[in-house]
Amino acid sequence: MSQILQPPGWAKPRGYSNGIAAKGGTTVYVAGQVAFNAKNVIEEKTFAGQFRQTLTNTLAVLAEAGGRPEHIVRMTWYVTDKQEYLGAIGEVGTAYRELIGRHYPAMAVVQVSGLIEDQAKLEIETTAVIPESA
C-alpha cells in the first residue's frame with residue numbers, strides 16, 4: 001500500500017508525485033532499462049519509440065515479481081538530449097498513459113552526457129513496492 005505525499009499549500013505536480021510512502025510488501029528494484037528488444041538490439045530510432053520500449057521492458061521485469069504499474073513508487077529517467085525529450089513530450093505522455101495509466105510515482109528526469117549503450121536515448125531505473133495482498 002502506498003500513499004502520495006503532497007505537502008499542504010504546494011501546487012500539485014504534473015506527471016509525477018513529490019513523494020510516495022510505501023508500507024509493507026515486497027520491494028522490487030528494476031535495473032536501468034533501455035529500448036532493447038528481446039535480442040538486446042535497439043530497433044527504435046525516435047525518442048518516443050525508445051521511451052515506449054523502455055517502459056514495456058520495465059513493466060515486463062516488474063511483472064516477473066507479480067507487480068503492476070500502480071506498484072511503482074519511484075522512477076529516475078536519464079535522457080541524453082533534453083530538447084529531444086521535450087520535443088517528444090506529447091508522444092511520451094501518450095505512451096506513459098497507455099502503459100502505466102494515471103499513476104504518477106516520485107520521479108526525476110536527468111540529462112546525462114551519454115549512456116553505456118550508444119544508441120540509447122534514455123534509460124529508466126524503477127523501484128516498486130508490491131503489497132502483500134497483490
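In this predicted model, β4 and β5 run parallel and are joined by 6 bridges. One residue of that pairing can be named: R74 has A106 in β5 as its bridge partner.

The two strands belong to an open sheet of 4 strands, ordered β3-β6-β4-β5, in which the pairing is mixed. At the edges stand β3 and β5 (106–111), each of which pairs on one side only. From one strand to the next, the twist averages 5 degrees. Against this sheet packs α1, which touches β3, β4 and β6. The direction of α1 makes about 30 degrees with that of β6.

What lies in the largest nonpolar core? This core has 23 residues, and F47, F51, M75, W77 and Y96 touch the most other members. Two or more residues come from each of β3 (26–33), α1 (47–64), β4 (72–79), α3 (89–99) and β6 (122–130). The most are given by α1, with 6 residues. Another core, of 6 residues, lies apart from the largest one and includes V34, A35, F36 and I42. In soluble globular proteins, nonpolar side chains tend to be buried together.

M75 can be followed further through its contacts. Leaving aside residues up to four places away in sequence, M75 touches L55, Y96, I100, P105, A106, M107, A108, I124, E125 and T126. A106 thus appears twice in the account, as a contact of M75 and as the bridge partner of R74.

Two loop residues remain to be placed. Y16 is in the loop between β1 (2–5) and β2 (19–22). Is Y16 buried, partly exposed or exposed? Its relative accessibility is 34%, so Y16 counts as partly exposed, because that class lies between the limits of under 20% for buried and over 50% for exposed. With residues up to four places away in sequence not counted, Y16 touches Y104, P105 and M107. Of these, P105 and M107 are also touched by M75. Along the chain Y16 and A120 are 104 residues apart, and their C-alpha atoms are separated by 23 Å.

The other residue, N40, is found in the loop between β3 and α1. Although N40 is not a glycine, its phi is positive, at about 60 degrees. N40 has a relative accessible area of 54% and is therefore exposed, the limit for that class being over 50%.

Methods. Residues numbered from 1 in each chain as written. Predicted model: local features only at pLDDT ≥ 70, side-chain atom pairs only at ≥ 80, totals over all residues. Heavy atoms only, no water. Core = buried A, V, L, I, M, F, W, Y, C linked by side-chain atoms within 4.5 Å. Buried < 20%, exposed > 50% of the residue type's maximum accessible area, 1.4 Å probe, protein only. Contact = heavy atoms within 4.5 Å. Pairing = 2+ DSSP bridges. Axes fitted to C-alpha atoms, helices over the stretch in contact; angles between N-to-C directions.
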